[in-house]
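Good morning, colleagues. Please have the sequence and the coordinates open while I speak.

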Amino acid sequence: MPVVAIVGRPNVGKSTLFNRIIGKRVAIVEDLPGVTRDRNYFEAEHGGRRFLLVDTGGFEPDTPDRLIQQVRDQAQLAIDEAQAVLLVVDGHEGPTGVDVDIASMVRRSGKPLFLAVNKIDSFKREEEGFLSEFHRFGIDRILPVSAEHGRGTEDLLDAVMTALPPAPEPEPVPEALDEEATEEVVEDLAARPIRLAIIGRPNVGKSTLVNQLIGEERFVTSPIAGTTRDPVDAELEHKGRHFILTDTAGIRRKRSIAMRVEAYSVVRALKAAEASDVVVMLLDATEMAVEQDLKIASLAVEQGKPVIVVVNKWDLVAGDAKKAQTFRDDLVWKMPFLAFAPSIFVSALTGAHVKGVLDRAVRLFDQASSRVPTPKLNRLLEDISNHHGLPVVGGQRARVYYIAQVGIRPPTFVVQTNRPDLVPPEYRRYVANKLREVFELEVPLRLVFKRKAS
Ligand code: GDP
Ligand code: GDP
């Protein structure tokens, strides 16, 4: 998902703009429980394009020098991580040295730059020549906005969208096919390395876990949040299977600690999850899962990635089976979309149970790669139809005819029906859960209801 970063000095109106952009979208996009608005990244949509809007904001410089450094750091992060940079400046004050500095930094990087001249609250203001002062920035794309009044923000987004890479075509789901056509060459799963993305908030123990797994101090861990380095890949072998681990611990060394880097941690985690076969989601046993965890987990599931929930630092809570069950119950309550995913309680520090992560990774990878024979699927569908009929919708009831698995990683199933529009979400969920239960799948799956070609 492309990233659009908002940068600029304090008080120019970055968070107002951020909230303005997400404001009317929040109700539509968000359907996860427990999600608050207190955040600095957001999955937004404009003109049918999805993007991640990031506002690093939140720094509290104590001296002017530190202010400049922090704004520069923030801009550098945006340059590294984003597909488009939105520099917000104050239209009342006119250009300042920092603004000019940041603008030329972004321009030199070649990243598309948009200058949002904020606080242009009325057309009158616009006519007063506030904008012309900014033209000496040498930026083509200067857009007057009023974040507070919502003026110009849609035009701004229209412009930004032109700089994003084209949206990927949704992968077509093959038609439900006959047995012959769904049969493919059986893969040698053992020959294929399993890519593991280890994700989680700063300080949950990602680097420590990776160290334990590879059995050497390849990554240097640090007690200060956000101070570890870029993801590094490491290879290892366990019970005859190969793994490639990606540690997403660090954003960059030596960033100002005061700066909020969580937003970019999310960006990193999403990219790592996208490139992985199995996502290892690390939680800290001494802390409750927070929104950021939910967000990453839900996006991983949306990407169809198997997820292992790894509760780390179990040594600190001296946890017994009962405590583990309570933690697990709390998780399922917070993340119902992850109820099917296995969880494991480990100590990355002592090494207790960490190899279990690899065992589960193999299990999930193999499940996600498995193919269920069509006759078995159709026996299940028949069974479901006999016991759990489709509901009547507006006096009509859909009929289901046939099911086949048409893809793996994630397992993808197509059900043929006369009326896909009459198959309600609850029924879809019911069938998906039955598939998971009967064929012992602890991974996300895709289930598509398609109209039977006549
Ligand atoms: P940030 O530090 O860059 O995130 O800035 P804020 O979003 O916190 O805004 C700083 C101040 O500018 C607040 O008092 C806002 O109410 C004000 N502000 C933000 N946008 C506008 C605008 O479009 N017009 C006017 N007049 N004030 C604004
Ligand atoms: P990262 O930011 O997620 O990579 O976290 P680190 O691996 O750097 O760990 C952060 C801190 O937590 C370090 O001080 C670790 O020693 C500590 N830590 C990591 N795993 C455990 C664990 O299982 N038990 C305890 N007690 N501490 C841990």
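I begin with helix H10, residues 291-302, in what is a predicted model. How far apart are the end C-alpha atoms of helix H10? At 1.5 Å a residue, its twelve residues should span 16 Å, and the end C-alpha atoms are 16 Å apart, so expectation and model agree. The buried residues of H10 are Asp293, Lys295, Ile296, Ala297, Ala300 and Val301. In general, an α-helix has 3.6 residues a turn, so residues three or four places apart point the same way. Just after H10, glycine 304 adopts a positive phi of about 80 degrees.

The same check of length can be made on helix H13, which comprises residues 355-368. Its 14 residues, at 1.5 Å each, should span 20 Å; the end C-alpha atoms are 20 Å apart, so here too the figures agree. Among the buried residues of H13 are Val357, Leu358, Ala361, Leu364, Phe365 and Ala368. Arg360 and Gln367 in H13 are buried as well.

I turn next to strand S11, residues 307-312. Is this strand mostly covered or mostly uncovered? It is mostly covered, with six of its six residues buried. Val307, Val309 and Val311 point one way from S11, whereas Ile308, Val310 and Asn312 point the other way. This follows a general rule: in a regular strand the side chains alternate between the two faces of the sheet. In S11, the residues pointing either way are all buried. Strand S10, residues 278-284, pairs with S11 in the parallel sense over six bridges. Within that pairing, valine 279 has valine 307 of S11 as its bridge partner.

Let me step back to the chain as a whole. The protein contains 15 helices and 15 strands. Of its 454 residues, 38% are buried. Counting contacts with a separation of 6 or more, 74% are between residues 24 or more positions apart.

Now to the sheets. One is an open sheet of six strands with mixed pairing, in the order S2-S3-S1-S4-S5-S6. Its edge strands are S2 (41-46) and S6 (142-144), each of which pairs on one side only. Neighbouring strands of this sheet are turned by 25 degrees against each other on average, with direction ignored.

Within this sheet, strand S1 (residues 3-7) runs parallel to strand S3 (residues 49-55), and four bridges join the two. Valine 3 stands opposite leucine 52 in S3. Helix H3, residues 64-81, packs on the sheet and touches S1 and strand S4 (84-90); the direction of H3 makes about 165 degrees with that of S1. Helix H6, residues 153-161, lies across S1, S2, S3, S4, strand S5 (113-118) and S6, and runs at about 170 degrees to S5.

In which sense do S2 and S3 pair? They pair in the antiparallel sense, over six bridges. Phenylalanine 42 has leucine 53 in S3 as its bridge partner. S2 and S3 form a hairpin with two residues between them, and glycine 47 in the turn has a positive phi of about 55 degrees.

Glutamate 45 also belongs to strand S2. Is glutamate 45 exposed or buried? Glutamate 45 has 12 C-beta neighbours inside 10 Å, and therefore counts as exposed. For orientation relative to H10, the C-alpha atoms of glutamate 45 and alanine 297 are separated by 20 Å, although the two residues are 252 positions apart along the chain.

There is also an open sheet of three strands, ordered S13-S14-S15, with mixed pairing. Its edge strands are S13 (400-407) and S15 (446-451), each pairing on one side only. Here, neighbouring strands are turned by 25 degrees against each other on average, direction again ignored. Strand S14, residues 412-417, pairs with S15 in the parallel sense over six bridges. Valine 415 stands opposite phenylalanine 449 in S15.

I finish with the ligand. How many residues surround ligand 1? There are 15, the closest being Gly13, Lys14, Ser15, Thr16 and Glu148. Helix H1, residues 14-23, contributes three residues, the largest share of this shell. By character, the shell divides into three nonpolar, eight polar and four charged residues.

Technical notes
Residues numbered from 1 in each chain as written. Chains lettered and ligands numbered in written order. Predicted model: local features only at pLDDT ≥ 70, side-chain atom pairs only at ≥ 80, totals over all residues. Near = placed C-beta within 6 Å. Nonpolar A, V, L, I, M, F, W, Y, C, P; charged D, E, K, R; others polar. Pairing = 2+ DSSP bridges. Axes fitted to C-alpha atoms, helices over the stretch in contact; angles between N-to-C directions. Expected span 1.5 Å × (residues − 1). Buried ≥ 20, exposed ≤ 12 C-beta atoms within 10 Å, placed from the backbone. Contact = placed C-beta atoms within 7 Å.
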